[in-house]
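Here's a walk through a protein fold, one piece at a time. Keep the viewer open and turn the model as you read.

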Amino acid sequence: MRPIFHVGIIKNTVDQTVQVINAGRTTLEVDSIELDTDSGAFVLDVEPAVNEDEEDSGWDLAPGASLPITVSFAPTDLNSYTATVLIASNDEDTPTLELPVSGTGVIGPRDAPTAPPATLR
């Protein structure tokens, strides 16, 4: 699996949304979605879990259903950043799916210099 970011302009945010899709035949119970780092350069945004069972704090995806996960990248300096989004579920083949994310902070474009208006004589 490839990382979902390449570069980001310092002090700006770039968002990428990925979909967790249940391609199976039974309900996929996603228990948790989290980052393996607290670098601050990456932030997750996932819709709140809504289940009938109040003790269940995860997401239940029926066959064919999907769950959008937005990862925001906001570099603070000229560094390379890496993290992994960890998605834990009841999937027998892949109980914890690892989605690598990485990005590099770059200097953004500068405004073109402005000259004073020309004076006509």
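Start with the inventory: the protein chain has zero helices and eight strands. Helices here are DSSP runs of H or I with at least four residues, strands are runs of E with at least two, and both are numbered from the N terminus. Reading from the N terminus on, you therefore get β-β-β-β-β-β-β-β. Before going further, note that this is a predicted model, in which local features need pLDDT of at least 70 and side-chain atom pairs count only at pLDDT 80 or more, while totals for chains, interfaces and linings use all residues. Residues are numbered from 1 along each chain as its sequence is written, and side-chain values use heavy atoms, with hydrogens and water left out.

Now for the sheets. Strands of a sheet pair through backbone hydrogen bonds, either parallel or antiparallel. For the program, two strands pair if DSSP finds at least two bridges between them. One open sheet has five strands in the order β1-β8-β7-β3-β5, and its pairing is mixed. At its edges sit β1 (7–9) and β5 (59–61), each of which pairs on one side only. Neighbouring strands of this sheet are turned by 35 degrees against each other on average, direction ignored; the axes behind such angles are lines fitted to C-alpha atoms, for helices over the stretch in contact, and angles run from 0 to 180 degrees between N-to-C directions.

Let's cross that sheet from the β1 edge. β1 runs parallel to strand β8 (residues 96–106), with three bridges, and Ile 9 has Val 106 in β8 as its bridge partner. Next, β8 pairs with strand β7 (residues 80–89) in the antiparallel sense over nine bridges. Ile 87 is bridged to Leu 97 in β8, and six residues separate β7 and β8 in the hairpin that they form. At the other edge, strand β3 (residues 28–35) and β5 are antiparallel, with three bridges; there, Val 30 stands opposite Trp 59 in β5.

What about the other sheet? Three strands make up an open, antiparallel sheet in the order β2-β6-β4. The edge strands are β2 (14–21) and β4, each pairing on one side only, and the twist averages 25 degrees from one strand to the next. Eight bridges join β2 and β6 in the antiparallel sense, and Gln 19 finds its bridge partner in Pro 68 of β6.

Time for some side chains. How many aromatic pairs does a search of the whole structure find? It finds two, where rings of Phe, Tyr and Trp (its six-membered ring) pair if their centres lie within 6.5 Å, and planes under 30 degrees apart count as stacked, over 60 as edge-to-face and the rest as tilted. Phe 42 and Phe 73 have ring centres 5.0 Å apart and planes at 25 degrees, so they are stacked. Because Phe 42 lies in strand β4 (residues 42–46) and Phe 73 in strand β6 (residues 66–73), this pair ties together parts that are 31 residues apart in sequence. Phe 73 also forms an edge-to-face pair with Tyr 81, at 5.8 Å centre to centre and 70 degrees between the planes. Phe 42, Phe 73 and Tyr 81 thus make one aromatic cluster. Phe 42 and Phe 73 are both buried, and Tyr 81 is buried as well; buried means under 20% relative accessible area, exposed over 50%, partly exposed in between (1.4 Å probe, protein chains only).

Finally, zoom out: buried residues make up 31% of the 121 residues in the protein chain.
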